[in-house]
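Q: I'm a first-year student and I'd like to go slowly through one part of this model. Please keep it informal and point me to things I can find on the screen.

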Amino acid sequence: MLEHLGRTIQEERLPAPDYGALAEKFRSIVGSEGVSAGGADRLATCRDYWPMGTLWFLEGKAPALPDLVVWPRSSSEVAAVLKLAAENNIPVTPYGEGSGALGGAVPLQGGIALDMKRMNRVLKLDRDNLMVTVEPGLNGSRYEEYLNRHGYTGGHFPQSLRCSTVGGWVACRAAGTFSTRYGKIEDMVVSLEAVLPDGKVIRGRKLPRTSTGPRVDHLFIGSEGTLGVITAITLRIWPYPEKRIYCSYTFETIERALEAIRRLVQAGARPAVVRLYDPAETAHHFPDCEAAAGRVILVLLFEGDAGIIAAEEQLAAKLAREEGGLAAGPEPVEHWLETRFNVGLASKLFRQGAVVDTIEVSTNWTNAAPLYHAMQKAILAVEGTALASGHYSHVYPEGAALYLTLVGFPAGDKREYYRRLWGAAMESCLSLGGAISHHHGVGLHRGLWMAQEHGKALEALRMIKEALDPQGIMNPGKLGLGEVKKWPE
Amino acid sequence: MAGINRELLLDCAICPNMCRCECPVDREFGREAVSPSGKARLAHLLLEGHLDWDGDLLEAISSCLGCRGCRLLCPFPELDLCEELLLARTEARPAGMILPAAVPYLNNLKKFGSPYGARPAALASPGSQNPEVLYFINCTSQANHPRSQQIILELLEAAGVSYRVLDQYCCGYPAQIWGDMELARQLAAENSARAAQSGAQLLLTDCPECWHTFTARYPEWGSELSLPVVDTATFFLGLVRQGRLEPGPLGEIGTVAYHDPCIWARVAEICAAPRELMQSIPGLELREAQPAGRETRCCGGGAMFQLTFPEQSAGIARRRLEEMPPAAALVTSCPFCRENLQAGGGKVLDLAELLGLAVLR
């Protein structure tokens with residue numbers, strides 16, 4: 001069925017194993033319902049939300065297919081699966097809900113797609129210590145729903161909340177839109193359980209902090225399936241917020257607005273949501289906000305203790321005023337809350353022949369505005385680009401994340417255009433000292449710039465990878481850790 | 001028939017599955033292939049000729065309850081993915097390709113006019129000429145809970161409503177979901193003709209799938225019913241409001257939890273009537289599920305899942321039961337929900353049965 005759609009890239013792992021015989025061995029571990037060699041399952045796990053994968057799909061291609069899909073239900077099953085995979089030199093690509101934006105879930109060398117979605121239980125709610133332990137395949141929205149039902153929040157709201165897993169958040173070192181108050185996923189993770197490629201299970205201690213050498217379990221935060229498989233996660237949780245305050249301000253320039261945000265966060269305020277939109281995104285997202293016409297808009301959402309957030313709001317109002325900001329009321333925040341998960345336009349644009357993507361980077365305050373202008377200019381210079389708009393979110397005392405949305409209608413080969421687009425964006429970011437990713441991770445595509453990002457530190461990371469996974473079976477070709485001899489085409 | 005909207009289907013296929021957290025199938029199966037966008041992707045590849053139909057793909061795109069949970073969060077307001085998938089597997093698949101699990105039930109449907117096999121003798125029906133109500137018995141409660149139909153007739157009699165029982169066949173929905181459109185149309189034409197002959201003022205049904213089939217599909221199949229179709233909750237509530245039915249207090253049942261069937265809640269948008277009807281029973285406390293109303297979650301019984309995917313159907317029912325509050329009885333208003341939730345454990349009553357306990361003392 002799949003032969004004319006594509007093929008599994010097996011050249012790097014010849015001779016190809018006998019997957020028919022291996023399937024039986026895997027069934028003996030996870031049961032007959034836990035293994036599939038069916039076309040529907042293999043196709044479904046051949047890609048994620050990486051735009052290159054979308055372009056393959058639109059062309060009716062599937063250039064990198066897993067040979068088997070395996071669904072474990074426990075860490076002991078994961079351990080047995082990895083052990084068997086290692087014995088047979090089979091690549092293993094963990095799969096969550098496929099919302100990754102960089103091709104991290106593409107099974108580059110075939111092998112096993114390890115679908116974690118049947119490990120989706122809440123294992124323990126620890127009310128006394130404000131922690132919850134969950135399995136990695138738990139859907140994000142269901143996770144938050146569970147916590148809300150018990151009077152808590154997880155504080156993690158990525159745009160992919162409804163279509164990503166808790167394990168996926170940890171694996172790609174994610175950040176949610178409420179991160180300025182609650183932190184990023186690495187701030188939320190207390191401890192992890194993970195299975196190493198040889199089948200050993202490691203468990204971090206569920207303690208607030210330790211000073212006993214590097215936390216080995218925390219090494220798996222951002223590991224993107226290259227070091228092993230995360231099988232349980234203990235996270236910090238918060239009481240469901242007592243109160244929320246919405247406010248927004250418009251400014252004449254991005255620079256003045258950034259200065260207001262910098263002063264606010266450096267003064268110690270921690271709004272949950274901080275989003276500053278450039279002129280194009282202000283006009284696109286808030287067309288009904290008259291106060292924003294011809295200006296840029298800053299959206300703030302405070303939540304938590306009523307007294308604390310009232311003081312934070314007062315400070316925000318004062319600083320905004322001092323930077324020439326005009327109050328625009330709570331409506332833009334309500335509008336953002338209502339529309340924040342709407343990604344429908346991307347589908348429409350792709351269907352009409354566009355190439356659409358987003359790129360998120362981070363920078364210090366000193367370069368926050370110059371980086372935006374430089375990256376926008378570099379991206380627009382790529383022939384075929386129609387739009388490069390941006391917003392800042394996730395702010396820190398040291399700087400902020402910049403999130404760019406790109407739309408192109410290239411005349412020629414779309415995939416070639418996509419490569420040029422990313423090349424221009426990444427080179428521009430690196431030249432101004434920005435970090436090439438803030439929260440989408442590396443996956444397959446960003447691996448191209450990992451050496452420039454990390455310098456010698458990447459070699460150290462490779463040594464760690466080789467020590468834990470000497471055969472290189474875990475998600476090969478990702479995170480810039482291994483040479484990609486053959487790119488899926 | 002409007003036909004498949006390939007552009008909307010493709011929009012869904014490109015989407016990163018923003019609705020998947022509301023898809024009971026996605027949660028129960030844990031298979032990417034049966035996630036909402038996963039099914040749309042396979043359907044797109046099949047429709048565009050990139051893939052050849054086979055049993056594996058048919059099973060994947062048949063793994064849809066038709067519950068419209070995906071619509072709650074869909075970024076495409078015009079898209080009804082459940083309907084597009086239904087069209088894809090009825091219109092586009094090769095003739096004769098049938099989900100293996102559905103074969104015996106489809107054979108029953110052809111032979112007996114019910115997926116469950118030989119139909120019991122028709123209920124005694126008064127020979128009223130031009131009755132107020134024509135009662136359509138659904139196959140599922142006929143096969144599993146015949147007492148509930150008798151209670152409906154007793155309620156009609158108690159209210160002094162003239163009625164007849166339609167000597168009918170299955171509404172045709174199972175034939176459609178299993179891909180036999182010829183049979184679906186035959187059943188529709190036969191039912192429509194018999195309903196017209198009755199001279200009744202309205203057709204009464206206690207099955208949301210039958211209601212949906214009559215109101216949305218029969219016109220598309222050229223068999224539009226000549227009389228309006230009314231659900232039992234709305235109809236009996238009208239009788240209570242008119243004073244034609246007088247519910248009294250229930251003895252043992254002081255609290256009920258109500259499960260909104262997906263089609264009533266999201267397609268027919270009938271959420272208030274069953275609640276008002278239950279609240280008309282003196283002393284009865286109604287407790288809400290989480291989520292409830294339009295945001296209800298499927299019991300696992302949609303699209304005849306109990307028959308074709310029994311294990312997963314039961315698993316979905318168990319999950320839904322976890323969302324129900326403690327109560328003396330669980331009440332619903334759909335024969336599939338009643339059957340499936342009951343199989344998952346607990347006392348489950350059809351809404352008409354509850355009303356019967358309050359009225360027919």
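How many residues of chain A are in contact with chain B, and how many of chain B with chain A? After that, please take a close look at the open sheet of four strands in chain B.

A: Keep in mind that this is a predicted model. Let's start where the chains meet: 38 residues of chain A are in contact with 31 residues of chain B. On chain A's side, the elements that give two or more residues are helix 2 (39–44), helix 3 (51–58), helix 5 (140–149) and helix 13 (344–351) of chain A. Sorted by class, that side of chain A has 13 nonpolar, 15 polar and ten charged residues.

Now for the sheet. Strands of a sheet pair through backbone hydrogen bonds, either parallel or antiparallel. The open sheet in chain B has four strands in the order 6-5-7-8, and the pairing is parallel. Strand 6 (285–288) and strand 8 (348–350) of chain B each have a single partner strand, so one side of each is left without a neighbour in the sheet. From one strand to the next, the twist averages 35 degrees.

Let's walk across it. Strand 5 (residues 255–259) of chain B pairs with strand 6 of chain B over four bridges, and you can spot B:Ala257 with its bridge partner B:Arg287 in strand 6 of chain B. Lying on the sheet is helix 18 (residues 351–359) of chain B, which touches strand 5, strand 7 (329–332) and strand 8 of chain B. The direction of helix 18 makes about 85 degrees with that of strand 8 of chain B.

Next comes strand 7 of chain B, which pairs with strand 5 of chain B over four bridges, again in the parallel sense. Here B:Val256 stands opposite B:Ala329. In a regular strand the side chains alternate between the two faces of the sheet. Strand 7 of chain B is covered on both faces: B:Ala329 and B:Val331 are buried on one side, and B:Leu330 and B:Thr332 are buried on the other.

Finally, three bridges join strand 7 of chain B to strand 8 of chain B, which run parallel. Look for B:Val331 and its bridge partner B:Leu349 in strand 8 of chain B. To get from strand 7 to strand 8 of chain B, the chain goes through helix 17 (residues 335–343) of chain B, and this β-α-β crossover is right-handed.

Technical notes:
Residues are numbered from 1 along each chain as its sequence is written. Chains are lettered from A and ligands numbered from 1 in the order in which they are written. This is a predicted model: local features need pLDDT of at least 70, side-chain atom pairs count only at pLDDT 80 or more; totals for chains, interfaces and linings use all residues. Two strands pair if DSSP finds at least two bridges between them. Axes are lines fitted to C-alpha atoms, for helices over the stretch in contact, and angles run from 0 to 180 degrees between N-to-C directions. Two residues are in contact if their C-beta atoms, placed from the backbone, lie within 7 Å. A residue is buried if 20 or more other C-beta atoms lie within 10 Å of its own, exposed if 12 or fewer, and partly exposed in between; C-beta atoms are placed from the backbone. A crossover is right-handed if, with the strands pointing away from the viewer, the path from the first strand over the helix to the second runs clockwise. Ala, Val, Leu, Ile, Met, Phe, Trp, Tyr, Cys and Pro count as nonpolar, Asp, Glu, Lys and Arg as charged, and the others, Gly among them, as polar.
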